[in-house]
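I opened my notebook today to look at aromatic pairs and at one helix packing. Here is the structure I had on screen.

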Amino acid sequence: MTLAFRAFLGLLFALAPAGLVLVQMERQARTERVDRLAEQARLLVEQVAARQSSTVGAARQLLSALGATPRLGDTECRAVLGRILQANPRYLAVELADAQGRRICSTRSGNAGDPGWLEVLRGDAFRLGGYEAGTGPAGASLSLAEPVRDPAGRVVGAVGLTLSLDWLGRDLQAMGMPPQSTATIADRNGIVLASSHEDTAGHTLGALARRLFEATAAGVTLSQDGQRRIAYMPPGEATHGLFLSVGLEEHPDSLLAGRRTELAIVGALLLSFLLALFTFHTSAERPVQALLAAARRWRAQDWHARVGRIGGGHDFSRIAAAFDEMAETVELRQRAEARWEACMEAAPLLVLAADPQGKVQWVNAQWRDMTGRDLDQSLGDGWLDAIDPRDRAAVEAAWRAALAEPKGAPLLQELRLRGGARCLLKAAPAFTQDGEVQAWAIFGLDVRKLRLAEAQADASGARLRAIYAHAPVGLCLLDRELCVLAINDRLARAHGKPAADHIGRPLAEVAPHFAAELHPRLLQLVATGEAVEDVEFCAMLGDEERCWLCSYHPVHDRAGTVVAVSGAVIDITSRRRMETSAWQLSREVDHRAQNALSVVRGLLRLSAADAADDVPALVEELEGRIGAMSRAHDILSRENWMGADLGEILRGELAGHPGRIEISGPSLRLVPEAAQPMALALHELVNNAQRYGALSTRQGRVSLTWTSGPDGAELNWVERGGPPVLAIPERVGFGSMLIDANMRTQLAGDIHRHWDAAGLRCVLSIGAAALATTPSGMVRGPLAGKRVLLVEDDPISALSLASVLREGGCEVLGPARSGAEAIFLAGQAGRVDVVVLAGRLGGRPVRQLAEALRARAGVVLHISPDGLNGRTITPRQLRDALTEALASARDDAAPEGNPPSGPVPS
């Protein structure tokens with residue numbers, strides 16, 4: 001069988017299956033395109049359904065909100081509904097009806113656009129109407145209505161919305177449907193409500209859409225012309241009674257393009273087959289036969305045979321010439337070179353052989369594998385191209401210098417090859433008996449593994465040093481005699497000595513308080529290899545008690561012997577303090593909740609006795625009094641039940657009368673127990689002024705001022721401009737009794753009423769026991785009277801820090817739990833001496849907030865999660881840090897008097 005015939009069969013068996021596979025792949029691709037088209041249509045109709053479900057859900061939420069709105073007068077009702085329409089432009093009208101279906105309030109005149117009140121009232125459920133033709137600029141619409149129930153669950157009316165179909169169409173078009181798609185929404189009667197590409201609103205669905213409208217489940221079908229995939233969802237609960245469909249059309253050129261592709265594949269394969277066969281016969285078979293003939297003669301050791309001139313192009317001519325040149329030299333060199341090449345090919349080194357002028361003539365397999373360059377690419381000076389450009393200039397200069405002085409020092413240089421390999425290169429000449437250079441040998445040793453091992457060792461050492469230096473826990477390494485081999489600064493501080501003083505010394509000597517607790521256990525660890533884990537103990541370090549959590553583990557050698565002990569120590573002093581604070585806070589909150597419940601029970605009982613026959617009045621009284629308690633509770637909760645500012649309580653109670661009440665007085669804080677009684681007393685005064693006093697007329701005004709002294713505080717309530725006081729009231733109501741009881745008991749004071757003709761004047765005394773004061777031992781300190789804004793989102797930490805600051809004599813604002821709250825409190829306070837930023841708000845850095853607060857405070861002090869300067873902060877250290885920062889700010893103040901910016905320790 002000839003080579004040409006074999007090539008024919010090979011091409012036939014190779015190309016024919018390939019052609020069939022390509023055609024089949026094209027057909028399969030078309031099937032997949034059709035399936036993807038159907039799946040895309042199904043996903044689009046689900047998107048449309050989700051969009052409409054969201055629209056109906058939003059309408060139902062608005063209907064529910066309208067149904068829960070208290071009954072308003074006709075004018076007020078229209079105004080409210082008008083504002084709702086302005087806020088929701090998708091709706092054309094909002095209407096309310098009574099239990100008989102009569103419209104009682106509407107944003108449009110007449111009886112047009114009835115949303116089906118009777119059907120809603122009879123069905124006792126939400127109703128989605130059908131298409132309603134529009135007139136004038138309003139356009140077509142869709143009604144939605146829902147019944148309104150009283151607290152007993154009875155239907156007492158209905159509320160309805162009119163959705164604009166123009167808006168529904170625009171909303172459908174805004175979904176960004178593909179160009180070949182058409183989405184349609186129809187009501188339960190088969191009338192089109194909106195379409196994504198055509199203005200068909202108000203038209204009846206076509207025949208195919210009607211069949212899909214009556215289907216029992218959603219699906220995907222083919223259009224009558226076979227070019228479109230239609231995904232549909234019939235009316236049902238999932239679509240709120242709407243019919244949804246999306247038609248997606250396949251591009252008309254897709255089928256024709258597929259057939260053309262199949263024909264092109266078959267034609268190209270056939271043409272390739274013929275051209276390859278002809279080319280092979282003319283340019284390969286004949287030259288190959290000539291080469292084979294010469295090879296058969298060389299196999300017979302006929303080295304005089306020559307190929308000569310052959311056809312097949314330039315490449316075959318080059319091959320023939322190379323064969324002829326090889327035949328001329330192979331006989332002389334084959335035996336010697338065969339032995340030398342066998343050795344060099346097997347060598348695990350890079351080997352290159354060069355002539356006396358330094359031109360490379362041969363390279364071994366190791367060179368070819370490592371550089372990816374064959375012999376032809378490496379011949380002459382081509383081997384230099386395998387060197388990394390960063391090292392080539394230096395290597396080439398050294399190589400030229402060695403060639404110029406062959407009897408000098410041999411070339412020895414480390415370099416990088418292209419691709420990242422590193423090698424140590426050495427070149428030396430071979431001399432003849434006359435001392436002439438006969439050849440050059442170049443050897444290269446791969447040093448990647450050596451350098452990698454060195455780098456890994458350096459990296460391991462660096463990582464270990466970094467871990468010890470920056471670990472958030474104390475670390476140490478002890479030998480078998482429990483002498484310190486390594487220790488980081490964090491643990492050294494816990495021992496109370498510098499790290500350098502620990503190395504080589506026993507643990508019992510450098511840290512006796514640790515050794516007293518751990519020494520027997522560590523000796524047991526060395527003896528048995530059992531780890532010592534989670535040991536908690538406390539000891540005095542200096543003048544304060546510190547607590548630690550310790551774990552120690554054995555370090556084994558390859559034989560399994562314990563050769564060292566690795567220790568990790570965590571300072572848990574702050575955690576212990578926070579646990580104690582949390583327990584105290586829990587007890588305090590329980591106590592406050594019990595007190596609040598007792599007060600509410602008393603209010604209910606006494607208010608009911610005071611207004612036994614007037615239930616609405618009783619409800620109003622109770623809501624007002626409980627609201628006053630709630631507002632005071634909010635202030636206490638925001639400040640972690642540490643107290644409340646009197647001015648903030650007063651402003652909260654008087655906020656409903658802007659411009660009619662003047663208040664002024666110094667900053668004054670109440671103890672937690674006095675905040676709610678103060679709020680109740682003030683609420684009763686305001687309530688009495690609204691009913692009978694100055695706040696019952698437009699011209700009436702109230703002035704509220706207060707002063708403080710060593711024996712407590714005094715508030716002056718003065719009413720002017722109200723009805724004249726003709727006589728002292730004979731009846732004393734529950735409100736007056738409530739004021740008297742709170743002022744004389746929980747506020748440790750009294751109240752004196754003066755019934756002046758111009759209006760009531762009251763003097764309220766607050767006893768010193770109800771005022772939050774600073775401990776006398778700290779009042780004269782450097783922090784006395786300093787206003788500190790505390791920013792901390794963790795309630796336990798906030799409680800602890802606020803307590804420490806108040807013990808130092810500071811007036812604490814907050815704590816603020818967010819950046820916005822911090823900026824608000826700083827603005828409200830007017831003057832802030834220090835801002836304390838504790839930790840990370842919400843897990844995020846607070847540096848940007850610190851910069852924003854610098855303009856409002858003289859000093860901004862940041863306490864990181866690790867404390868100050870990497871150490872857990874103590875109460876005394878916090879107060880010392882504040883004192884130092886304030887002193888530094890005063891020393892660095894600018895001559896112009898600008899407020900200095902304090903440091904932000906981290």
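**Rings and helices**

I started with Trp 548, which at 1% relative accessibility counts as buried. I kept in mind that this is a predicted model. Its ring partner, Phe 514, has 0% relative accessibility, so Phe 514 counts as buried too.

Next I looked up how many aromatic pairs there are, and the count came to 6. Among them is the pair of Phe 213 and Phe 243, with 5.6 Å centre to centre and 50° between the planes, which is tilted. Phe 213 sits in helix 5 (residues 207-213) and Phe 243 in strand 10 (residues 243-249), so this pair ties together parts that are 30 residues apart in sequence. I noted both Phe 213 and Phe 243 as buried.

Back to Phe 514 and Trp 548: their ring centres are 5.0 Å apart and the planes stand at 55°, so I logged the pair as tilted. Phe 514 belongs to helix 14 (residues 512-528) and Trp 548 to strand 19 (residues 544-556), so the pair ties together parts that are 34 residues apart in sequence. I also marked one aromatic cluster, formed by Trp 383, Trp 399 and Trp 440.

Then I turned to helix 17 (residues 646-653) and helix 18 (residues 672-691), which pack at about 35° with their axes 10 Å apart. I recorded their crossing as right-handed. On the helix 17 side I found Leu 646, Ile 649, Leu 650 and Glu 653, meeting Ala 675, Met 678, Ala 679, Leu 682 and His 683 of helix 18. By class, that contact has 7 nonpolar, 1 polar and 1 charged residues.

My last entry is on cover: in helix 18, 16 of the 20 residues are buried.

How values were computed: Residues numbered from 1 in each chain as written. Predicted model: local features only at pLDDT ≥ 70, side-chain atom pairs only at ≥ 80, totals over all residues. Heavy atoms only, no water. Axes fitted to C-alpha atoms, helices over the stretch in contact; angles between N-to-C directions. Helix = DSSP H or I, 4+ residues; strand = E, 2+ residues; numbered from the N terminus. Left-handed = near helix turned anticlockwise from the far one by under 90°. Contact = heavy atoms within 4.5 Å. Nonpolar A, V, L, I, M, F, W, Y, C, P; charged D, E, K, R; others polar. Buried < 20%, exposed > 50% of the residue type's maximum accessible area, 1.4 Å probe, protein only. Phe/Tyr/Trp six-rings, centres within 6.5 Å; stacked < 30°, edge-to-face > 60°.
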